[in-house]
Amino acid sequence: MSSIRNIVILTGAGISAESGLKTFRAEDGLWENHPVEQVATPEGFARDPDLVQRFYDERRANVLAAQPNAAHESLGRLEAEFDGEVLLVTQNIDDLHERGGARNTLHMHGEVLSAWCRACDVRHKWEGTLRDGPDCPACGKASMRPDIVWFGEMPYQMDRIFAAIAQADLFVSIGTSGAVYPAAGFVQEANRAGARTLELNLERSAGSHFFDETRLGPASELVPEWVEELLADSPT
Ligand code: BV8
């Protein structure tokens, strides 16, 4: 019988790849010939807000047209059936974990279906374009930006994430290249906390050497297999 009671899961763009959403580094992280690190920054937004709004308008539309895949759905099942704590931390800005049944998802890099008013700080669920500078429904000012954590900005709820990792028995990383910090450093925190660490990824990542175990393959196969294994092993 497994002694696993607290699980922290970190997901990246790879878990949504089979839902048709592009990852960052497959096409070397370029968008309209701009490195993502240039477009996804406050400086990039200040320099050319229209370009950045178009970048996120396009991704917002892609997310709305995408469907969750077996990997998202099996994590939803894990949350519902596992007899312990599961914190799902995602670097992804899509809502496929939620549509796959996950309830406890922490979007550390924000959400593309959320708009953030820079005048009154209120966030709104947003499915349309931001490019035409819509008025904030709360304060009426035309000062909304994508509710996304850009490079150089502090990711959301870091204290909550570090507190959960400190208590974790198991840390699982799914579909991430381990290229972006602080997310890429979570596995080292988990090792320091004495947690077991498992990586499920299509190929070896920059952080693979930090994991106790790495399984290579598509998330839609590896994740359901792992969830099945864990639920069979954990107390009902
Ligand atoms: C911060 C939102 C500090 C935007 C994102 C030098 C060294 C170390 C760090 C830095 C440095 N210079 C700058 C930094 C900091 C910087 C950083 O890490 N830069 C990198 C480029 C070196 N980090 C930051 O700026 C962060 N903030 O540090 O703040 C601070 C301190 C005080 C006060 C204020 C601030 C903020 C980072 C967040 C940036 N925003 N996303 C958007 O989405 O448009 S990051 C973005 O890129 C994603 O969210 C994600 O995190 C990252 C991409 O990573 P992945 O998700 O892993 O995607 P990728 O394509 O890379 O990999 C996909 C993987 O899936 C691959 O391994 C592939 O094999 C696999 N895969 C593919 N298909 C499948 C699959 N796996 C399974 N199945 C499949 N079918």
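This is a short tour of a predicted model, from the whole chain to the ligand and then to three cysteines.

**The whole chain**

Start with the protein chain as a cartoon. It carries nine helices and 11 strands. Switch to the C-alpha trace and turn it along its principal axes: the span is about 55 × 35 × 30 Å. The radius of gyration is 18 Å, which agrees with the value near 18 Å for a compact globule of 236 residues. Colour by accessibility next. Of the 236 residues, 51% count as buried.

**The ligand and its shell**

Select the ligand and show the residues around it. There are 35 of them, and Arg25, Arg59, Gly152, Thr176 and Ser177 come nearest. Label those five before going on.

Now pick the ligand's oxygen atoms and look for polar partners. At phenylalanine 24, a polar backbone atom is 2.7 Å from a ligand oxygen. Move to tyrosine 56. Here the side chain takes part: one of its N or O atoms is 2.8 Å from an oxygen of the ligand. Then go to glycine 175, where a polar backbone atom lies 3.3 Å from a ligand oxygen.

Put a surface on the ligand. On its own it has 1500 Å² of accessible area, and the protein covers 75% of that.

Which elements give two or more residues to the shell? Select helix H1 (14–17) and helix H4 (49–65). H4 gives the most, with three residues.

Colour the shell by residue class. The split is 18 nonpolar, 11 polar and six charged.

**The cysteines**

Leave the ligand and select cysteines 117, 120 and 136, showing the sulfur atoms. How many disulfides does the structure hold? The count is zero.

Zoom in on cysteine 120. Its closest cysteine sulfur is that of cysteine 117, at 3.6 Å. That is too far for a bond, because a disulfide needs the two sulfur atoms within 2.5 Å.

Step to cysteine 136. This residue is in no disulfide either, and its nearest cysteine sulfur is again that of cysteine 117, 3.7 Å away.

Finish with accessibility at these two sites. Is cysteine 136 buried or exposed? Cysteine 136 is buried, with a relative accessible area of 2%. Cysteine 120 has 27% relative accessibility, so it counts as partly exposed.

How values were computed:
Residues numbered from 1 in each chain as written. Predicted model: local features only at pLDDT ≥ 70, side-chain atom pairs only at ≥ 80, totals over all residues. Heavy atoms only, no water. Buried < 20%, exposed > 50% of the residue type's maximum accessible area, 1.4 Å probe, protein only. Near = heavy atom within 4 Å. Polar contact = N/O pair within 3.5 Å; in protein donor to acceptor, adjacent residues only side chain to side chain. Areas by Shrake-Rupley, 256 points an atom, 1.4 Å probe, with all protein chains shown as cover. Helix = DSSP H or I, 4+ residues; strand = E, 2+ residues; numbered from the N terminus. Nonpolar A, V, L, I, M, F, W, Y, C, P; charged D, E, K, R; others polar. Rg over C-alpha atoms; globule rule 2.2 N^0.38 Å.
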